[in-house]
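Biologist: Could you take a close look at one helix for me and talk me through how it sits in the fold? Please go on to the sheet afterwards.

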Amino acid sequence: MKELLKKFENKQPEIVFEWSDSESEAEGWLAINSLRGGAAGGGTRMEKGLDKRDVIELAKTQEVKYTVSGPPIGGAKAGINFDPEDPRKHEVLKRWFSVTMPLMKSYFGTLGDLYIDEVSEIIPMTEGFGLWHPQEGIVNGHFKASEPEKIRKIGQLRQGVSKILENPEYIPDGSNKYRVSDMITGFGISASVQHYYKLWGGKLKGKRAIIQGWGNVGASAACFMALQGVKIVGVISREGGLINKEGFSLEEVKELFINKEKNKLVAKDLLPFEEVNERIWDVGAEIFIPAARSRLVTKDQVSRMKDSGLELITCGANIPFAEDDIFLGPIGIYADNNLSLIPDFISNTGISRVFAYLMSEKGVITDEAIFEDVSNTIYAALKKSHQANGERTKIAQTSLEIALKQLL
């Protein structure tokens with residue numbers, strides 16, 4: 001596995017597109033690791049301090065993710081180094097999409113990512129430049145769809161990703177304001193936890209969980225896990241956090257989801273970040289969900305959670321550990337050798353799988369069909385890993401080897 005990983009990590013990306021905004025300090029990169037299958041896909045994110053190396057590494061993680069979610073295409077990532085809170089964000093994004101439009105028409109498909117929303121930002125902006133859908137490049141480059149096929153696939157993408165959820169099983173507050181794209185990735189994280197205990201054994205109900213990050217991914221994962229009887233005992237986000245050793249009630253978790261402001265945790269009894277960061281790693285939980293930005297989780301934090309009863313880390317963030325390696329560096333290996341670690345390319349495959357499903361011949365646009373397909377896809381990937389390695393450790397290494405053998 002180490003040789004396969006080294007070969008994959010060291011391979012130069014096929015395309016790196018660089019951009020400097022003429023009207024602001026923003027700079028951006030579009031990295032395409034390969035045009036496997038004639039196309040490449042990956043999210044578009046905006047973050048202050050982002051650099052070219054980050055974008056290239058994220059493109060590689062996306063390529064591995066496609067071995068789980070499908071379709072069999074190359075990995076890509078678009079990243080803009082700019083403050084997403086800056087009031088000029090909208091205009092910066094418009095200029096970015098205007099210059100990347102030829103690639104998006106031909107062979108690059110994108111989706112929402114950190115601080116960039118698919119439905120409210122990417123779709124309306126790219127439509128304004130004549131793109132039928134942000135996945136059009138994949139429809140053209142990979143599927144090489146005829147005009148009728150293209151119309152059908154794009155129609156299913158438009159309808160399915162933006163679909164307003166109707167089934168109360170997938171809606172935190174029973175309202176009709178949440179879309180598939182809002183909830184599906186967090187649902188996939190929760191499904192991976194559920195399938196882990198089904199395959200490797202153990203009772204899920206009553207387990208305790210710590211959530212890092214309170215955007216759509218972390219917050220919705222917490223809601224879905226709470227529905228399954230998991231006790232959320234701690235939440236940490238950059239603006240602060242909450243700790244309740246007895247576990248927050250389902251209604252309290254739902255309320256925290258409903259009250260969040262974009263990616264910000266909002267609560268009247270919010271504790272300062274410094275206090276939460278000092279205490280939360282020793283609270284005691286069997287499940288940890290890193291769902292914030294990349295490279296935050298330290299070895300000390302993993303070790304303290306392990307000593308306090310941690311069993312499972314299910315990754316909601318891409319490249320969650322605070323190390324230079326793209327996949328499994330010293331901290332990731334330490335976690336994988338001592339705990340059960342489900343890698344992000346399995347657990348965080350929700351929205352990628354939705355796109356693949358809607359572009360396929362079997363796509364059905366109902367809440368149940370879309371969510372069940374994501375759950376079944378994650379279960380199938382974990383089952384392959386379990387068949388290759390029934391132990392509770394080295395799950396991530398086993399899963400990565402399975403994926404790399406498909407790519408190299």
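Modeller: Sure, and keep in mind that this is a predicted model. Let's take H6, where the buried residues are Lys-150, Lys-153, Ile-154, Gln-156, Leu-157, Gly-160 and Val-161. Look down the axis of H6 and those buried residues fall within an arc of 155°, so they line one face of the helix. The general rule behind that kind of pattern is that an α-helix has 3.6 residues a turn, so residues three or four places apart point the same way. Over on the other side of H6, Pro-148 and Gln-159 are exposed. As for its length, H6 runs over residues 147-161, 15 residues in total, and spans 21 Å from first C-alpha to last, close to the expected 21 Å.

What do the buried residues of H6 pack against? They meet helices H4 (118-128), H5 (136-141), H7 (180-200), H14 (350-359) and H15 (367-388).

One of those partners, H7, takes us to the sheet. That sheet is open, with 6 strands in the order S8-S7-S6-S9-S10-S11 and mixed pairing. Strands S8 (240-248) and S11 (340-342) stand at the edges with a single partner strand each, so one side of each has no neighbour in the sheet. From one strand to the next, the twist averages 15°. At the S11 end, S10 (residues 312-314) pairs with S11 in the parallel sense over 3 bridges, and Leu-312 stands opposite Ser-340 in S11. H7 packs on this sheet, touching S9 (287-290), S10 and S11, and its direction makes about 150° with that of S10.

Key
Residues numbered from 1 in each chain as written. Predicted model: local features only at pLDDT ≥ 70, side-chain atom pairs only at ≥ 80, totals over all residues. Heavy atoms only, no water. Helix = DSSP H or I, 4+ residues; strand = E, 2+ residues; numbered from the N terminus. Expected span 1.5 Å × (residues − 1). Buried < 20%, exposed > 50% of the residue type's maximum accessible area, 1.4 Å probe, protein only. Arc of directions from axis to C-beta. Contact = heavy atoms within 4.5 Å. Pairing = 2+ DSSP bridges. Axes fitted to C-alpha atoms, helices over the stretch in contact; angles between N-to-C directions.
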